[in-house]
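This report describes the fold of one protein chain for a reader at the bench. Please look over the sequence and the structure before reading on.

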Amino acid sequence: MIEIQCQGCGKHFLAEVHSDRIKRIIFKEPDLKEQIKTKEVSYGDPPFHEDCDSGLTMTAIPLKVIEFWEYDWEKFEWKRNKEFEIDVTPDFWKEWLENPQI
Ligand SMILES: [Zn+2]
């Protein structure tokens, strides 16, 4: 689960992101852990929200990973891994956030 921000109005959302096996195999998309470490996690457009004109069709800004869960295939259970609960805002977005241009 990651926290994202709308480019249009600045509203924050909690969003679900997961590692997609098909995308990894066919499109050679990096594993989610890799995407987090390299700050390449993306969610796409933010969820629908009212009173926002332009933000709905613009890519949401990734802020940080709030909870990271992975499946333990030896114990057959989900495990939380705080090592990946980190800031994932790329530098170009940090600069933009300091000086938003809408
Ligand atoms: Zn918005």
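The text below covers the overall layout, the strands, the nonpolar core and two glutamates.

**Overall layout**

The model is predicted. Its mean pLDDT is 92, and 99% of the residues reach 70 or more. Among the elements, E3 has the highest mean pLDDT, at 97, and H1 the lowest, at 82.

Three helices and five strands make up the secondary structure of the protein. Their order along the sequence is β-β-α-α-β-β-β-α. Taken along the principal axes, the box filled by the C-alpha atoms is roughly 50 × 25 × 25 Å. Of the 102 residues, 13% are buried. When contacts between residues at least 6 apart in sequence are considered, 53% of them join residues at least 24 apart.

**Strand pairing**

Strand E1 pairs with two strands described here. E1 and E2 run antiparallel and are joined by four bridges. E1 and E3 also run antiparallel, again with four bridges. Strand E4 (residues 69–72) and strand E5 (residues 77–80) are likewise antiparallel, with four bridges. One bridge from each pair is listed below.

| Strand pair | Bridges in the pair | One residue | Its bridge partner |
|---|---|---|---|
| E1 and E2 | four bridges | glutamine 5 | histidine 12 |
| E1 and E3 | four bridges | glutamate 3 | lysine 64 |
| E4 and E5 | four bridges | aspartate 72 | glutamate 77 |

Two of these pairs are hairpins. E1 and E2 have six residues between them, and glycine 10 in that turn has a positive phi of about 85°. E4 and E5 have four residues between them, and here phenylalanine 76 in the turn has a positive phi, of about 55°.

**Nonpolar core**

In soluble globular proteins, nonpolar side chains tend to be buried together. In this model the largest nonpolar core has nine residues: Ile2, Ile4, Cys6, Ile36, Val41, Ala60, Ile61, Val65 and Val88. At least two residues of this core come from strand E1 (2–5), and at least two from strand E3 (61–65).

Which residues of E1 lie on its covered face, and which on its uncovered one? Ile2 and Ile4 are on the covered face, whereas Glu3 and Gln5 are on the uncovered face. Ile2 and Ile4 are also members of the core.

Cysteine 6, another core residue, has contacts with Lys11, Pro46, Cys52, Gly55 and Ala60, leaving aside residues up to four places away in sequence. Of these partners, Ala60 is itself listed in the core.

**Two glutamates**

Glutamate 3 is in strand E1. Is this residue partly exposed or buried? A residue counts as buried if 20 or more other C-beta atoms lie within 10 Å of its own. Glutamate 3 has 19 within that distance, so this residue is partly exposed. Beyond residues up to four places away in sequence, glutamate 3 touches His12, Leu14, Leu63, Lys64 and Ile66. Among these, Lys64 is also its bridge partner in E3. Serine 54 is 51 residues from glutamate 3 in sequence, and their C-alpha atoms are 19 Å apart.

Glutamate 16 lies in the loop that links strand E2 (12–15) to helix H1 (21–26). Glutamate 16 is exposed because it has 8 other C-beta atoms within 10 Å, and the cut-off for exposed is 12 or fewer. Its C-alpha atom is 23 Å from that of phenylalanine 92, which is 76 residues away along the chain.

Conventions: Residues are numbered from 1 along each chain as its sequence is written. This is a predicted model: local features need pLDDT of at least 70, side-chain atom pairs count only at pLDDT 80 or more; totals for chains, interfaces and linings use all residues. Two residues are in contact if their C-beta atoms, placed from the backbone, lie within 7 Å. Two strands pair if DSSP finds at least two bridges between them. A nonpolar core is a set of buried Ala, Val, Leu, Ile, Met, Phe, Trp, Tyr and Cys residues joined through C-beta atoms within 7 Å. pLDDT is the predictor's confidence in each residue, from 0 to 100.
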